[in-house]
Amino acid sequence: MIQNYVHDIAAQMEIQLSQLSVVEGCNVGCLDVHLLYLTSNGHEHSVLVYQTELDKIQIGECCERLELRIHSVLSHFQMKQEP
């Protein structure tokens with residue numbers, strides 16, 4: 001679900017992601033946080049995602065804080081693309 005959410009935002013910003021991976025928080029001892037790794041044109045950035053945010057987008061609710069963090073990271077890719 002989060003992958004589609006991020007890809008939709010990236011498409012709106014005209015950014016092509018080459019890779020998107022999720023590290024489940026429980027694998028590293030954090031039950032309520034996940035880490036997203038986004039890659040575009042060889043550059044990688046990460047975003048923290050809280051379980052409550054995932055729950056919200058899964059039921060179709062707006063999650064402005066998560067969207068803002070994703071936009072912020074994706075804007076770094078835009079800056080790297082500009083000549």
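How many positive and how many negative side chains does the chain have, and how far apart do the centres of the two sets lie? Let me start there. The chain carries 4 positive side chains and 11 negative ones, and the centres of those two sets are 7 Å apart. Before I go on, keep in mind that this is a predicted model.

Okay, the overall picture. The chain has 3 helices and 3 strands, and if you walk along the sequence you meet them in the pattern α-β-β-β-α-α. The radius of gyration is 13 Å, close to the 12 Å that the globule rule gives for 83 residues, so the chain is as compact as a globular protein of that length. Along the principal axes, the C-alpha atoms fill a box of roughly 40 × 25 × 15 Å.

A few more totals while we're here. Out of the 83 residues, 33% count as buried. The accessible surface comes to about 5400 Å², and carbon and sulfur atoms make up 49% of that. As for contacts, take the ones with a separation of 6 or more: 40% of them are between residues 24 or more positions apart.

Now let's go through the chain piece by piece. Helix α1 covers residues 2–12. Which of its residues are buried? They are Ile2, Tyr5, Val6, Ile9 and Ala10. These residues cover an arc of only 130° around the axis, which puts them on the same side of α1. Turn to the other side of α1 and you find Asn4, Ala11 and Gln12, which are exposed.

Right after that helix there's a residue I'd like you to look at, Glu14. Glu14 sits in the loop between α1 and β1, and its phi is near 60°, a positive value in a residue other than glycine. Why point that out? Because most residues other than glycine have a negative phi. Is Glu14 buried or exposed? Glu14 is exposed, with a relative accessible area of 72%.

That loop takes us to strand β1, residues 19–23. I picked two residues here, Val22 and Val23. Val22 counts as partly exposed, at 26% relative accessibility. Val23 is partly exposed too, with a relative accessible area of 29%.

So what do these two touch, if we leave aside neighbours within four places in sequence? For Val22, the contacts are Ile2, Gln3, His34, Leu35 and Leu36. You'll remember Ile2 from a minute ago, as one of the buried residues of α1. For Val23, the list is His34, Leu35 and Tyr37. His34 and Leu35 turn up for Val22 and for Val23.

I also have a couple of distances, both C-alpha to C-alpha. Val22 and His71 are 49 residues apart in sequence and 17 Å apart in space. Val23 and Thr52 are 29 residues apart in sequence and 16 Å apart in space.

On to strand β2, which spans residues 33–40. The residue to pick out here is Thr39. At 11% relative accessibility, Thr39 counts as buried. Which residues is Thr39 in contact with, leaving aside its neighbours within four places in sequence? The answer is Leu17, Ser18, Gln19, Glu44 and Phe77. Among them, Gln19 belongs to β1 and Glu44 to β3.

Between β2 and β3, the latter being residues 43–50, there's a loop that holds Asn41. Here we have another positive phi in a residue other than glycine, near 50° this time. Asn41 counts as exposed, at 57% relative accessibility.

Last stop, helix α2, residues 51–58. Its buried residues are Glu53, Leu54 and Ile57. Seen down the axis of α2, they fall within an arc of 100°, so they line one face of the helix. The face turned away from that buried side carries Thr52 and Gln58, which are exposed. That's the Thr52 from the distance to Val23.

And what follows α2? That would be Gly60, with a positive phi near 90°.

To pull two threads together: α1 has its buried residues on the same side, and the buried residues of α2 line one face of that helix. And Glu14 and Asn41 are the positive-phi, non-glycine residues I showed you, one in the loop between α1 and β1, the other in the loop between β2 and β3. That's it from me, thanks.

Note on methods
Residues numbered from 1 in each chain as written. Predicted model: local features only at pLDDT ≥ 70, side-chain atom pairs only at ≥ 80, totals over all residues. Heavy atoms only, no water. Helix = DSSP H or I, 4+ residues; strand = E, 2+ residues; numbered from the N terminus. Rg over C-alpha atoms; globule rule 2.2 N^0.38 Å. Buried < 20%, exposed > 50% of the residue type's maximum accessible area, 1.4 Å probe, protein only. Contact = heavy atoms within 4.5 Å. Areas by Shrake-Rupley, 256 points an atom, 1.4 Å probe, with all protein chains shown as cover. Lys, Arg positive; Asp, Glu negative; His and termini not counted. Charge placed at Lys NZ, Arg CZ, Asp CG, Glu CD. Arc of directions from axis to C-beta.
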